[in-house]
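Work through the following exercises with the coordinates open, and compare each step of your reasoning with the solution beneath it.

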Amino acid sequence: MILILILVLILVLILLLSFFCVKSQKSNFINRSQSISFYNSAQASKFILDDDDNYIKNMSNYDLIARLNYTNNVTTNIYKIMSSKDMKEFTKLEKNILMKLTKSISKLPNMPNINFIKIGNLYECGFPHTRQNIIFIPYAFFLKDKTDQLNTLMHEYIHIYQRYNQKETELFLNKYGFKKIGNFSNLFPKEYKWRRSNPDIDENIWQSPNGELMFPIFSVIPPTNITNIKNDKMEHPYEWMAYTFSS
Ligand SMILES: [Zn+2]
């Protein structure tokens with residue numbers, strides 16, 4: 001009788017322990033998926049100079065002309081150094097604004113930790129964008145109203161989701177009629193020279209639901225501005241997805 005009682009007690013203990021283990025794993029996971037942090041300007045400058053994803057290294061001459069608005073002797077190295085000096089510090093208030101806003105963003109699955117970097121007007125002409133698990137926020141973001149801020153953040157969160165969930169993203173886009181054709185530089189070397197580098201899209205050419213190939217290229221050659229593009233939303237299905245589901 002005592003033996004049975006001890007056995008039952010052990011069983012209850014095991015059940016209780018496994019329940020708490022599962023619970024704590026789950027809450028860790030949720031915390032991790034919601035975790036955000038902020039780079040200071042020194043950390044941000046280092047990221048730009050390291051250029052681990054080769055984003056700046058792979059820019060074309062047209063890319064540099066469009067970004068710096070002049071044609072003489074610009075190199076990717078010069079752009080890298082100039083950009084590294086355009087990294088800003090978040091104020092306490094700005095950090096609080098971002099922390100509050102991210103709480104109201106609907107949670108996307110399989111997201112990495114998110115880092116924020118604050119930028120000025122020079123690097124990428126001050127447009128919000130993402131690289132790796134980093135969202136680049138221009139100082140002008142904090143002058144927008146709350147709805148605009150939320151839409152921008154959601155848009156950038158979707159880009160991070162796409163980068164870390166490429167297969168799921170492709171299946172999702174297939175359902176909406178987009179089709180991946182293949183590597184841009186291999187399939188279309190001529191058009192590739194006119195590309196507008198965008199860190200938020202992949203290296204492929206896609207076909208839109210109406211059967212047209214989508215080329216992420218400048219609409220004016222040589223470009224006069226980073227915004228020289230026919231249609232922001234239809235540049236690439238990743239942009240279509242981010243614009244469609246962030247507003
Ligand atoms: Zn975008």
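**Exercise 1.** Determine which residues of the largest nonpolar core touch the most other members, and which elements give two or more residues to this core.

*Solution.* A nonpolar core is here a set of buried Ala, Val, Leu, Ile, Met, Phe, Trp, Tyr and Cys residues joined through C-beta atoms within 7 Å, where buried means that 20 or more other C-beta atoms lie within 10 Å of a residue's own, the C-beta atoms being placed from the backbone. The largest such core has 25 residues, and Phe116, Ile117, Ile135 and Phe136 touch the most other members. Two or more residues come from each of helix H2 (41-50), strand E3 (114-119), strand E5 (134-138), helix H6 (146-164) and helix H10 (237-244), with helices (H or I, at least four residues) and strands (E, at least two) taken as DSSP runs numbered from the N terminus. H6 provides the largest share, five residues. A second, separate core of 17 residues includes Tyr62, Phe184, Ile205 and Phe218.

The model is predicted, so local features need pLDDT of at least 70 and side-chain atom pairs count only at pLDDT 80 or more, whereas totals for chains, interfaces and linings use all residues. Residues are numbered from 1 along each chain as its sequence is written.

**Exercise 2.** Establish how many residues of H10 are buried, and against which elements they pack.

*Solution.* Six of the eight residues of H10 are buried, which leaves the helix mostly covered; they are Pro237, Tyr238, Glu239, Trp240, Met241 and Ala242. To find their partners, look for contacts, that is, pairs whose C-beta atoms, placed from the backbone, lie within 7 Å. The search leads to H6, helix H7 (166-175), strand E7 (204-207) and strand E8 (213-214).

**Exercise 3.** Describe how the axes of H6 and H10 cross, and which residues meet there.

*Solution.* Begin with the axes, which are lines fitted to C-alpha atoms, for helices over the stretch in contact, with angles running from 0 to 180 degrees between N-to-C directions. The axes of H6 and H10 come within 8 Å and cross at roughly 140 degrees. H6 is therefore oblique to H10, since angles under 35 degrees count as roughly parallel, over 145 as roughly antiparallel, 65 to 115 as roughly perpendicular and the rest as oblique. Next, list the residues: His155, Ile158, His159 and Gln162 in H6 meet Tyr238, Met241, Ala242 and Tyr243 in H10. By class, the residues of this contact divide into five nonpolar, three polar and no charged.

Notes:
Buried ≥ 20, exposed ≤ 12 C-beta atoms within 10 Å, placed from the backbone. Contact = placed C-beta atoms within 7 Å. Nonpolar A, V, L, I, M, F, W, Y, C, P; charged D, E, K, R; others polar.
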